[in-house]
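Good morning, and thank you for the time. I would like to talk through how helices pack in the model now going up on the screen, and then turn to its aromatic residues.

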Amino acid sequence: MESSILESIGVEIIGVMSPVSICMFLVVLLVYSLSSSSSPSSAVSDIRTAANLVYAENPSDTAAQKLEGALLNALVFVILIAIVTFLLLLLYYYNCTSFLKHYTRFSAFFVLGSMGGSIFLSLIQRFSIPVDSVTCFILLFNFTVVGVLSVFGTGIPIIVRQSYMVCLGISVAAWLTKLPEWTTWVLLVALAVYDLVAVLAPGGPLKMLVELASSRNEELPALIYEARPTTVARAGSRGGTSLGLLSSSSSSAIELQAVSRDNKDRNVNDNLNENRSQGGRNDEEERSPLVGNGGGEGGIVDEERHEGNESRGGDVEIAERGIKLGLGDFVFYSVLVGRAAMYDLMTVYACYLAIISGLGCTLILLSVCRQALPALPISITLGVLFYFLTRLLMEPFIVGTATNLMMF
């Protein structure tokens, strides 16, 4: 009997949703812990980044001024992201892979050392933890170095790598929650729109970047969360299903796409083509209903490698990979719930459910459409929509009915 889509990708989806949920939960705890002694307005006025480079929000400004300034900030930030993405595409096109890997390592070191260190110092001050400056520096330095080695090193337990990827997402998200309120919401919507264009447009930078990596059978040097470790199977075995989802991220844009399971996959495909030219098996009998074109863009790769590779020895190794999610997903999902946490817990619950539902819909839609899809638009749209619906409609209704003893 044919398995359903949910049966095929359910375990993998849970493997992605769990760390995303943990990241959002810890960001909410940080927001509550660090902003309990001060008002949200004072907490967002001491940060200056590329996201609020043009306009610094002032509480005394009118709504029209805040909206105009937030739109300008979002426009400048998206333009900067697009420039950086095209620059990375240019470097990758000219095979500057070593430079990109070193740049990614430096980025992880900078995030853990500066943003993570800032959060660490804030927690020390908030809870009055007795620790001297030398010990604090040693702890932070060791945490940062071990984090970089864990994320990019080999032979590291997968749980350690996953934990540090979540720490990276928490550090950036907690830092970005200090942005002004209007700028935060407009920026999230703008990034979702940019992600949609960058992935689906014919000349989109992320689309070209992932297609180039797919044509080379290489993995992009980016901060990507692995849902499970890579397992290696022989081509002669009838392995089970695998999910070839790749999420490639620049600073803020994410794409999900199916990738070949190993750099040697082309040899297997060439061999299958030779068998077909000699009167081999029918393709339709070897593929499940969810299989896309081998090596091309698709949502779910669920292909069985049969025996019959005698011309190449039948000893080709294939790496079966699980879902991989870009760090940008963790960051902006957590920024959304972190901003909601500055209002009340009811909006946090609503935004969390909306984000998780959007992520699940994206993954399922990806397996059905069998083409590259952006990961931000559905979740961010639902999250922003549920935030304002809960804040403007649901929260007043529930509070009013509870106050009048109509609902307990």
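Let me begin with a definition: an angle between axes counts as roughly parallel under 35 degrees, as roughly antiparallel over 145, as roughly perpendicular from 65 to 115, and as oblique in the remaining ranges. Please bear in mind that this is a predicted model.

With that in place, consider helix 5, residues 133–152, and helix 6, residues 158–176, whose axes are 9 Å apart and meet at an angle of about 120°. The two helices are therefore oblique to each other. Their crossing is left-handed. On the helix 5 side, the contact is formed by Phe143, Val146, Gly147, Ser150 and Val151, and helix 6 contributes Val160, Arg161, Tyr164, Met165, Cys167 and Leu168. Sorted by class, this contact comprises 8 nonpolar, 2 polar and 1 charged residues.

Helix 5 also packs against helix 4, residues 97–127, at an angle of about 145° and with the axes 9 Å apart. Here the crossing is right-handed. From helix 4, the participants include Arg105, Phe109, Gly113, Gly117 and Phe120, while those from helix 5 include Cys136, Leu140, Phe143 and Gly147. The class count for helix 4 with helix 5 is 12 nonpolar, 5 polar and 1 charged residues. Note that Phe143 and Gly147 of helix 5 appear in the contact with helix 4 and also in the contact with helix 6.

The next pair is helix 3, residues 63–93, with helix 7, residues 181–200. How do their axes cross? They come within 8 Å of each other, at roughly 40°. That angle makes helix 3 oblique to helix 7. The crossing of this pair is right-handed. Among the helix 3 residues in the contact are Ala63, Lys66, Ala70, Ala74, Phe77 and Ile81, and they face a helix 7 set that includes Trp182, Val186, Ala190 and Tyr194. By class, the contact of helix 3 with helix 7 holds 15 nonpolar, 3 polar and 1 charged residues.

Let me now turn to the aromatic residues. How many aromatic pairs does a search of the whole structure find? The search returns 8. One aromatic cluster is formed by Trp185, Tyr387 and Phe388.

Finally, two arginines sit over rings. The charged end of Arg216 lies over the ring of Tyr92, 4.8 Å from its centre. Arg126 is placed over the face of Phe127, at 5.5 Å from the ring centre.

Thank you; I would welcome your comments.

Key: Residues numbered from 1 in each chain as written. Predicted model: local features only at pLDDT ≥ 70, side-chain atom pairs only at ≥ 80, totals over all residues. Heavy atoms only, no water. Phe/Tyr/Trp six-rings, centres within 6.5 Å; stacked < 30°, edge-to-face > 60°. Lys NZ or Arg CZ within 6 Å of the ring centre and 35° of its normal. Axes fitted to C-alpha atoms, helices over the stretch in contact; angles between N-to-C directions. Helix = DSSP H or I, 4+ residues; strand = E, 2+ residues; numbered from the N terminus. Left-handed = near helix turned anticlockwise from the far one by under 90°. Contact = heavy atoms within 4.5 Å. Nonpolar A, V, L, I, M, F, W, Y, C, P; charged D, E, K, R; others polar.
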